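Q: I have a model open and want to learn how to read its features. Can we take the pockets, then a helix, then the backbone angles?

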Amino acid sequence: MNKETMQNHERTKTSRPLIVSYSYSGNTHQIAQGIQRITGGDWCEIHPWQPYPVSFPELLWQVKREIKSQYRPRLLPVRYTPNRYSIIFVGSPNWCGTIAPPLASWLYKNDLSEKMVLPFCSHCGGVPCDFHRDVARLCPKADVREPLSVVDDGGDDLMSMLREWLIRTGIADDPTVCAD
């Protein structure tokens with residue numbers, strides 16, 4: 001890359017973070033929207049090409065099969081790519097103790113080398129997970145920070161949980177920086 005191309009590339013980078021999330025029930029998207037409100041970031045919803053079943057037993061059967069086989073579903077096209085961002089929040093539900101396959105697919109297909117990655121998940125109190133480990137495996141050259149795990153959509157405590165997490169992970173130094 002020549003000097004002029006590098007300078008143009010640097011000018012196109014944004015200081016805003018990118019927030020990427022997959023949500024089945026809407027809980028993870030609620031968390032993503034909270035992150036967007038606090039950070040002013042760009043939000044990118046991801047969706048599998050083929051929607052998941054509505055019936056919970058069918059969903060659970062399919063998810064277990066996909067996770068066991070490390071299936072990476074085809075995704076619908078998205079508006080944002082991670083190229084211009086240095087900070088990327090990635091979220092999904094905790095499915096069977098790991099990342100939902102649509103987010104795993106997005107992470108697998110995008111190079112997040114040298115980017116700061118902040119994982120977050122929603123869950124209903126079921127199988128514990130290690131989102132840090134799972135994201136780090138898919139983004140081995142990224143700076144993967146402490147994940148945030150939220151029960152359901154976080155309810156009335158969501159914004160304070162997000163502020164505290166942003167301070168712990170070094171995104172914000174002061175709670176007033178993260179004011180609504």
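Q: Which residues lie nearest the centre of the largest pocket?
A: Start with the lining. This is a predicted model. In it, the largest pocket is lined by 22 residues. Nearest its centre lie Phe56, Pro93, Asn94, Trp95 and Cys124. The volume of the largest pocket is about 480 Å³.

Q: Which elements each supply at least two residues of that lining?
A: Trace the lining back to helices and strands. Here H2, H3, E3 and E5 each give at least two residues. H3 gives the largest share, with 4 residues.

Q: How do the residues of the lining of the largest pocket divide by class?
A: Sort them into nonpolar, polar and charged. The lining of the largest pocket has 11 nonpolar residues, 10 polar and 1 charged.

Q: What is the volume of the second largest pocket, and what lines it?
A: Read it by the same steps. Its volume is about 250 Å³. The second largest pocket has 13 lining residues, and Gln70, Arg72, Thr98, Ala104 and Leu138 lie nearest its centre. H3, strand E4 (98-99), H4 and helix H5 (131-138) each supply at least two lining residues. The largest share, 3 residues, is from H5. By class, this lining has 7 nonpolar, 2 polar and 4 charged residues.

Q: How far apart are the end C-alpha atoms of helix H2, and what span should its residues give?
A: Work from the rise per residue. Helix H2 covers residues 27-39, which makes 13 residues. At 1.5 Å a residue, H2 should span 18 Å. Its end C-alpha atoms are 19 Å apart, so the two agree.

Q: Which residues of H2 are buried, and what covers them?
A: Look for low accessibility; buried means under 20% relative accessible area. In H2 the buried residues are Thr28, His29, Ile31, Ala32, Gly34, Ile35 and Ile38. Their cover includes strands E1 (18-21), E2 (42-45), E3 (87-95), E5 (116-123) and E7 (148-151), along with helix H6 (158-168).

Q: Where is a positive phi found just after H2?
A: Check the residue that follows the helix. Gly40 has a positive phi of about 75°.

Q: What are the phi values of Gln70 and Glu114, and where do these residues sit?
A: Take each residue in turn. Gln70 is not a glycine, yet its phi is positive, about 55°. Gln70 sits in the loop between helix H3 (56-69) and E3. Glu114, also not a glycine, has a positive phi near 65°. Glu114 is in the loop between helix H4 (101-109) and E5.

Q: Are Gln70 and Glu114 buried or exposed?
A: Apply the cut-off: exposed means over 50%. Gln70 has a relative accessible area of 58%, so Gln70 is exposed. Glu114 is at 76% and therefore counts as exposed.

Conventions. Residues numbered from 1 in each chain as written. Predicted model: local features only at pLDDT ≥ 70, side-chain atom pairs only at ≥ 80, totals over all residues. Heavy atoms only, no water. Expected span 1.5 Å × (residues − 1). Buried < 20%, exposed > 50% of the residue type's maximum accessible area, 1.4 Å probe, protein only. Contact = heavy atoms within 4.5 Å. 1 Å grid on protein atoms, 1.4 Å probe; cavity = no way out; pocket = protein on both sides within 12 Å on 5 of 7 lines; lining within 4 Å. Points joined across faces, edges and corners; volume = space filled by probe spheres on them. Nonpolar A, V, L, I, M, F, W, Y, C, P; charged D, E, K, R; others polar.
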